[in-house]
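User: I would like a close look at one part of this model. Please keep the sentences short and tie the pieces together.

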Amino acid sequence: SIGIGYLMSLLKQAGHEVDLLFESAVSAKYGMIEFGFLKKLEKHEKLITSAREFDPDLLAFSSDYYLYPHVRKVAETLKKELKIPTIMGGIQPSSAPGNVLNDKFIDMICIGEGEGAMLELAETMERGKEVSNIENIWTRNNGNICTTPLRPMIDDLDKLPFPDREVFFKNNAFQENLMIISSRGCPYNCSFCHNQADQEHYNNSKKFFRRRSVDNVLGEIKICIKKYPIKRIEFEDEVFNLDKKWFNEFCEKYSKEINLPFWCQLRANTVTEDVIEKLSRAGCIEIFIGVESGNENIRNNILRKRLTTESILKAGRIIKNSGIRLQVTGMFAVPGETDKEMFDTVSLLEKLNANSVPTYTLFPFPKTPILKYAIETGYLDEDKHR
């Protein structure tokens with residue numbers, strides 16, 4: 001987890017003791033794979049033992065939507081055993097704060113970016129002071145949720161220390177593939193994406209998208225290459241080539257200073273022969289394109305992708321002709337989607353002839369336009385999806 005790595009590094013830099021309760025499991029890109037033999041992990045004895053040995057003053061959890069049922073079980077177990085304050089951050093509490101704070105074993109949640117908030121929380125707790133007035137930290141008092149304003153987003157990402165990866169490496173969370181993120185935020189407004197909730201918190205700020213300097217990103221990679229047996233880089237940015245000046249500088253410097261194969265994500269309408277040629281020379285071996293639907297009505301009017309079918313096909317041709325591997329996605333079970341419209345997706349994916357095609361069922365995240373649409377059209381019950 002890059003996010004947890006940033007928090008650990010920042011807290012350590014300030015002199016706090018930090019450790020990670022790492023739960024080993026077979027995992028997939030978008031959640032945990034359930035196997036019968038993994039049921040024994042639900043007992044959590046190892047986590048409890050590790051937590052007691054470290055003897056923390058605060059238990060912090062991070063959760064997305066998919067893993068929340070699992071994470072809340074772990075949080076409940078550890079809260080009962082250690083009886084210390086708990087806080088949860090990540091996509092789930094930022095998008096559904098009331099639901100999370102309704103769980104009595106979660107005392108606080110962090111809304112939005114966590115670095116400044118977590119550091120102030122740790123320092124406030126260390127001094128024995130009241131924590132209910134810390135920006136980004138929401139608490140519960142006698143059943144009522146105490147909210148606070150959001151602190152400004154971190155404008156200069158270069159000021160952050162690089163994520164702490166040591167404990168992840170020791171637990172075999174990664175070996176040869178290094179995940180890097182060079183930016184935060186996304187300027188697009190796809191109806192199904194959690195970025196909608198984040199932008200809402202920050203009042204759709206024009207500064208929502210921010211980027212680290214090329215030298216800062218390459219500096220992080222160089223340190224990791226020296227410490228770990230890295231053979232491939234994965235850039236997790238939503239759209240890797242949004243800033244043309246940054247992109248050109250990156251491609252020029254990366255091939256000279258790093259020269260490792262890498263994976264990145266692009267939008268179809270940003271793919272040109274010039275962009276792909278630069279990526280190829282820099283060492284890119286695989287590109288991810290979000291297609292979602294093969295039907296233009298579903299894709300643009302409901303999912304709000306703002307991509308024509310021709311732009312997707314053209315992007316696929318350019319990438320494939322360059323020799324770079326192509327990865328595309330397909331999404332099914334969109335509210336109101338017919339069998340024919342689903343087969344439009346199958347047809348488009350077939351035409352793209354990608355090297356990898358992960359597909360998934362739509363999950364209506366809290367505070368997204370697609371959830372509102374699903375409720376308005378009668379596909380979901382509002383009382384169960386607030």
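In what order do the five strands of the open sheet stand, and what is the pairing? Take that sheet as the part to examine, then set the rest of the chain around it.

Analyst: A caution first: this is a predicted model.

The sheet is open, and its five strands follow the order β3-β4-β5-β6-β7. Its pairing is mixed. The edges belong to β3 and to β7, residues 144–146. Each of these two has a single partner strand, so one side of each is left without a neighbour in the sheet. On average, neighbouring strands here are turned by 25° against each other, direction ignored.

Start at the β3 edge. Strand β3 covers residues 59–62, and its side chains alternate. L59 and F61 point to one face and are buried. A60 and S62 point to the other face and are not buried. The partner of β3 is strand β4, residues 86–89. These two strands pair in the parallel sense, over four bridges. One residue pair can be named: S62 has G89 of β4 as its bridge partner.

The link between these two strands is helical. Helix α3, residues 68–82, joins β3 and β4 in a β-α-β unit. That unit is right-handed.

Helix α3 also has a helical neighbour. The axes of α3 and helix α2, residues 45–54, come within 10 Å. They cross at roughly 45°. That angle makes α2 oblique to α3. The crossing of the two helices is right-handed.

Now move along the sheet. Strand β5, residues 108–110, meets strand β6, residues 137–141. This pair runs antiparallel, joined by three bridges. M108 of β5 has T139 of β6 as its bridge partner. So the mixed pairing can be read from two pairs: β3 with β4 is parallel, and β5 with β6 is antiparallel.

What about the cysteines? The disulfide count is zero. C146 is in no disulfide, and the nearest cysteine sulfur, that of C110, is 16 Å away. A disulfide needs the two sulfur atoms within 2.5 Å. C146 has 25% relative accessibility, so this residue counts as partly exposed. C284 is in no disulfide either; the nearest cysteine sulfur, that of C264, is 4.1 Å away. At 5% relative accessibility, C284 counts as buried.

C284 leads to another sheet. C284 falls in strand β13, residues 284–292. This open sheet has six strands, in the order β8-β11-β12-β13-β14-β15. Its pairing is parallel. The edges are β8, residues 177–180, and β15, residues 359–361. Each edge strand has a single partner strand, so one side of each is left without a neighbour in the sheet. Neighbouring strands in this sheet are turned by 20° against each other on average, direction ignored.

Take the β8 edge. This strand has a covered face, made by L178 and I180. The uncovered face holds N177 and M179. Four bridges join β8 to strand β11, residues 232–235, and the two run parallel. M179 has E234 of β11 as its bridge partner.

Further along, β13 pairs with strand β14, residues 325–332. The pairing is in the parallel sense, over six bridges. Here I287 stands opposite L326 of β14.

L326 also gives a distance to the start of the chain. Y6 has its place in helix α1, residues 2–13. With a relative accessible area of 6%, Y6 is buried. Y6 and L326 are 320 residues apart in sequence. In space they are 30 Å apart, C-alpha to C-alpha.

A second long-range pair involves F363. F363 lies in the loop between β15 and α15, residues 369–376. Its relative accessible area is 35%, so F363 is partly exposed. F363 and N99 are 264 residues apart along the chain, and their C-alpha atoms are separated by 17 Å.

One more helix pair completes the tour. Helix α9, residues 214–227, packs with helix α10, residues 244–257. Their axes are 10 Å apart, at an angle of about 30°. That makes α9 roughly parallel to α10. The crossing in which α9 passes α10 is right-handed.

Conventions. Residues are numbered from 1 along each chain as its sequence is written. This is a predicted model: local features need pLDDT of at least 70, side-chain atom pairs count only at pLDDT 80 or more; totals for chains, interfaces and linings use all residues. Side-chain values use heavy atoms; hydrogens and water are left out. Buried means under 20% relative accessible area, exposed over 50%, partly exposed in between (1.4 Å probe, protein chains only). Two strands pair if DSSP finds at least two bridges between them. A crossover is right-handed if, with the strands pointing away from the viewer, the path from the first strand over the helix to the second runs clockwise. Axes are lines fitted to C-alpha atoms, for helices over the stretch in contact, and angles run from 0 to 180 degrees between N-to-C directions. Angles under 35 degrees count as roughly parallel, over 145 as roughly antiparallel, 65 to 115 as roughly perpendicular and the rest as oblique. A crossing is left-handed if the near helix is turned anticlockwise from the far one by less than a right angle, and right-handed if clockwise.
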